[in-house]
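Visitor: Please take a close look at one part of this model: the helix packing.

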Amino acid sequence: MTATGRRGTPWLVGPAHDLLLYSGTGLLSALFVLVAARWVEPIRLFFALNVGCTLTHYAPTWLRAYGDREERRRNRCAVWLFPPAVVVLAAATWERQTVLAFVLYAWDRFHAVMQNYGFARLYDAKHAGAPARWRRLDLAWLTAMAAMLTAWNMGLLVPLLEQLERVGIPIAHRRAVMTGIRATTTTVAVVITAIWLWDTVRRTRIDGRINSGRLAFLALITAGHGVMNTTTNVFLLGAHEKVYHSVQYCVLVWHYNRKRVAHARPDDVSPLLRWTAGPRGLWVYVGVLTLWTSIVFAIDAAWFRPLVGASGNTGLYTALFAALALTHYYFDSFLWRVRRADIRANL
């Protein structure tokens with residue numbers, strides 16, 4: 001991607017596409033979840049949207065990791081050794097499933113922030129590129145905002161403290177701890193936000209143009225979380241984040257795969273990955289996602305639920321979810337390194 005190409009547009013695909021499927025999903029999913037909760041019980045809505053969307057957006061990760069042969073050769077050890085390593089971890093923590101649950105919780109929080117950070121980096125690269133200082137400041141701002149929103153929402157803060165207690169970190173005087181966490185995260189967020197706003201104005205003056213794509217993305221994602229902070233229901237909070245996170249991810253991967261296949265040598269990508277970029281590529285891609293999700297739900301209904309119901313042991317449940325989730329988190333950490341020129345060129 002040339003410097004001229006990067007400066008050609010502030011959008012990844014186009015203003016309507018980006019505002020609807022990338023930036024706007026953060027706010028639209030919040031409004032949808034809150035309205036739907038008037039008619040559907042939150043826990044049912046959670047399993048229908050959160051679990052369904054979560055499972056669905058794992059499929060593009062596996063498709064890319066094993067379907068892109070060049071990427072698979074580049075990360076051979078990670079691709080083949082990490083999934084069984086998760087199984088070993090699940091077996092080692094079988095008697096203390098809260099340890100694995102806490103690892104999932106912490107990595108999930110980090111993973112969500114990094115996806116938003118990745119989008120900010122893509123908009124900078126598309127618009128004009130960004131010095132390292134700008135990248136670090138964006139990451140600090142996104143992290144600080146996520147921490148502050150968590151601290152001020154009882155539906156997020158209480159489960160976090162409970163998880164810490166379950167893994168063996170005692171917390172005395174929980175109310176005082178909450179007050180301290182809120183004061184600290186708010187102070188840090190206010191200071192970083194002030195610096196971030198000043199730097200945004202400064203970079204706009206230097207560049208001579210407003211990076212409207214990046215600002216729209218960050219503003220609408222933050223607005224979505226702000227709207228969701230009107231509820232403390234942890235099921236609705238989880239559903240909202242996974243809906244917009246999954247929609248963004250699935251759409252982004254489809255666009256990436258199309259460009260990747262168009263420029264790849266015949267033996268660098270698998271037939272399945274190539275089919276997703278063909279004349280009916282979108283239908284093939286949606287079909288793969290649907291099939292993957294249906295298979296996991298079928299395994300759940302036919303095997304795991306009866307087994308858990310009979311023994312009362314949720315260890316297999318936790319192990320299955322951990323294997324899928326942690327593999328997705330780890331694979332994404334090297335599959336989507338935005339600093340790589342070949343990644344940016346296909347997005």
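Guide: What follows deals with a helix and its two packing partners. This is a predicted model, in which local features need pLDDT of at least 70, side-chain atom pairs count only at pLDDT 80 or more, and totals for chains, interfaces and linings use all residues. Residues are numbered from 1 along each chain as its sequence is written, and side-chain values use heavy atoms, with hydrogens and water left out.

Helices are DSSP runs of H or I with at least four residues, numbered from the N terminus. Helix α11 covers residues 212–228, and its axis comes within 7 Å of that of helix α3 (residues 25–36), crossing at roughly 20°. Axes are lines fitted to C-alpha atoms over the stretch in contact, and angles run from 0 to 180 degrees between N-to-C directions. α3 and α11 are therefore roughly parallel (under 35 degrees; over 145 counts as roughly antiparallel). In the contact (heavy atoms within 4.5 Å), G26, L27, A30, L31, V33 and L34 of α3 meet L220, I221, A223, G224, V227 and M228 of α11. By class, this contact has 10 nonpolar, two polar and no charged residues. Ala, Val, Leu, Ile, Met, Phe, Trp, Tyr, Cys and Pro count as nonpolar, Asp, Glu, Lys and Arg as charged, and the others, Gly among them, as polar.

With helix α12 (residues 234–263), α11 packs at about 160°, the axes being 10 Å apart. That makes α11 roughly antiparallel to α12. Here F217, I221, G224, H225 and M228 of α11 meet L236, L237, H240, E241, Y244 and Q248 of α12. The residues of this contact divide into six nonpolar, four polar and one charged.

Note on methods: Helices (H or I, at least four residues) and strands (E, at least two) are DSSP runs, numbered from the N terminus. Angles under 35 degrees count as roughly parallel, over 145 as roughly antiparallel, 65 to 115 as roughly perpendicular and the rest as oblique.
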